[in-house]
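Trainee: I would like to learn how the descriptive terms for a protein model are justified. May we go through them one at a time?

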Amino acid sequence: MFRILFLGDIVGRPGREAVRQFLPILRKEFDLDFVVANVENATHGKGLSKSHYNALNDMGINVMTLGNHYAAQAELKQYISNTLKVLRPANLKTPYPGIGTSVFSLNNRSIRITSLLGQAFMHEEVDNPFDTLENIVHSLAPTDIHLVDFHAETTGEKMALAYAFDGKITALVGTHTHIQTADERILPLGTGYVTDLGMCGPYDSVLGVKKEIIIQRLWKQTKLKHEVDLGENALLNGLIFELNDQHKITSLQRLYRVVKWR
Ligand SMILES: [Fe+2]
Ligand SMILES: [Fe+2]
């Protein structure tokens, strides 16, 4: 029996601080063996700088996945190839350094983590995520565990990909919307699923951004720059997988906490 925590998009300083302060507590409480986090918003809401990569690495996050904001911090291009722990989306059409799927080790087990971008209502040019995942599942060496982060906007696209690969991957978690969905379940052939993990970031905000800015943009069409909200409350969202020694998911537990980060 072992447990994996997958954290939703870490947003800005409130997200990083909440994880830094509370991950050790969660680790004890749930007896966690492995931690994966989506970090596409970790640096000021967009991308991942080298120093924030180092900070998250020091917190003991085993693997970090990205999303549509993967390229927002230009320096990622320089360091991603030397940083095996950070995965950018696997189905990018434009050439970009780094990789989108990789195998790690978890107490003598092999665990593959894959990052994919969706196609519906997303702006990036990507290869069809169904084809990309099929290639990964069929052409690469099989592993004991395979977790997929599907960074996508629509609920239907996420469900469809999970059902298409039910029994072929250990779990598929949705990210990107920053709003946690309450539909975690084990699909008929054993794959764990949730439509969206939610985020680790500012609680009194619109998806992590200062609410006043978003209200102005949507109501008055004022073009204001997005700023991460720095209010004292932060969300900690994720999903905890419990797996048996045959690497099958036996239970899923949704993590939804509001904490004070300062
Ligand atoms: Fe995000
Ligand atoms: Fe995103």
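Mentor: The following exchange sets the terms against their definitions.

Mentor: This is a predicted model, in which local features need pLDDT of at least 70, side-chain atom pairs count only at pLDDT 80 or more, and totals for chains, interfaces and linings use all residues. Residues are numbered from 1 along each chain as its sequence is written, while chains are lettered from A and ligands numbered from 1 in the order in which they are written.

Trainee: How many helices and strands are there in the protein?

Mentor: The protein has six helices and 14 strands. Helices (H or I, at least four residues) and strands (E, at least two) are DSSP runs, numbered from the N terminus.

Trainee: Why does the radius of gyration of the protein agree with that of a compact globule?

Mentor: The radius is taken over C-alpha atoms, and the globule rule is 2.2 Å times the number of residues to the power 0.38. For 262 residues a compact globule would have a radius near 18 Å; the protein has 17 Å, and therefore the two agree. The C-alpha trace spans about 50 × 40 × 35 Å along its principal axes.

Trainee: Why is His-178 called buried?

Mentor: A residue is buried if 20 or more other C-beta atoms, placed from the backbone, lie within 10 Å of its own, exposed if 12 or fewer, and partly exposed in between. His-178 has 23 such atoms within 10 Å, so it is buried. Buried residues make up 45% of the 262 residues.

Trainee: Why is Leu-207 called partly exposed?

Mentor: Leu-207 has 19 other C-beta atoms within 10 Å, and therefore it is partly exposed.

Trainee: What makes the phi of His-178 notable?

Mentor: Most residues other than glycine have a negative phi. His-178 is not a glycine, yet its phi is positive, about 70°. His-178 lies in the loop between strand E9 (171-175) and strand E10 (185-186). Leu-207, also not a glycine, has a positive phi of about 60°, and is found in the loop between strand E12 (199-202) and helix H6 (211-220).

Trainee: What makes E6 and E10 edge strands?

Mentor: Two strands pair if DSSP finds at least two bridges between them. The open sheet of six strands has the order E6-E7-E8-E9-E11-E10, with mixed pairing. Strand E6 (101-106) and E10 are its edge strands, as each pairs on one side only.

Trainee: How do you know that E6 and E7 pair?

Mentor: E6 and strand E7 (residues 109-117) are joined by six bridges in the antiparallel sense, against the required minimum of at least two. Within this pairing, Ser-102 stands opposite Ile-113 in E7.

Trainee: In what senses does strand E1 pair with E13 and with E3?

Mentor: Strand E1 (residues 2-7) runs antiparallel to E13, with six bridges, and parallel to strand E3 (residues 34-38), with four bridges. Leu-5 stands opposite Ile-240 in E13, and its bridge partner in E3 is Val-35.

Trainee: What makes a set of residues a nonpolar core?

Mentor: Such a core is a set of buried Ala, Val, Leu, Ile, Met, Phe, Trp, Tyr and Cys residues joined through C-beta atoms within 7 Å. The largest has 63 residues, and those with the most contacts inside it are Phe-6, Val-36, Ala-37, Leu-172 and Cys-200. Strand E13 (residues 233-243) gives the largest share of this core, seven residues.
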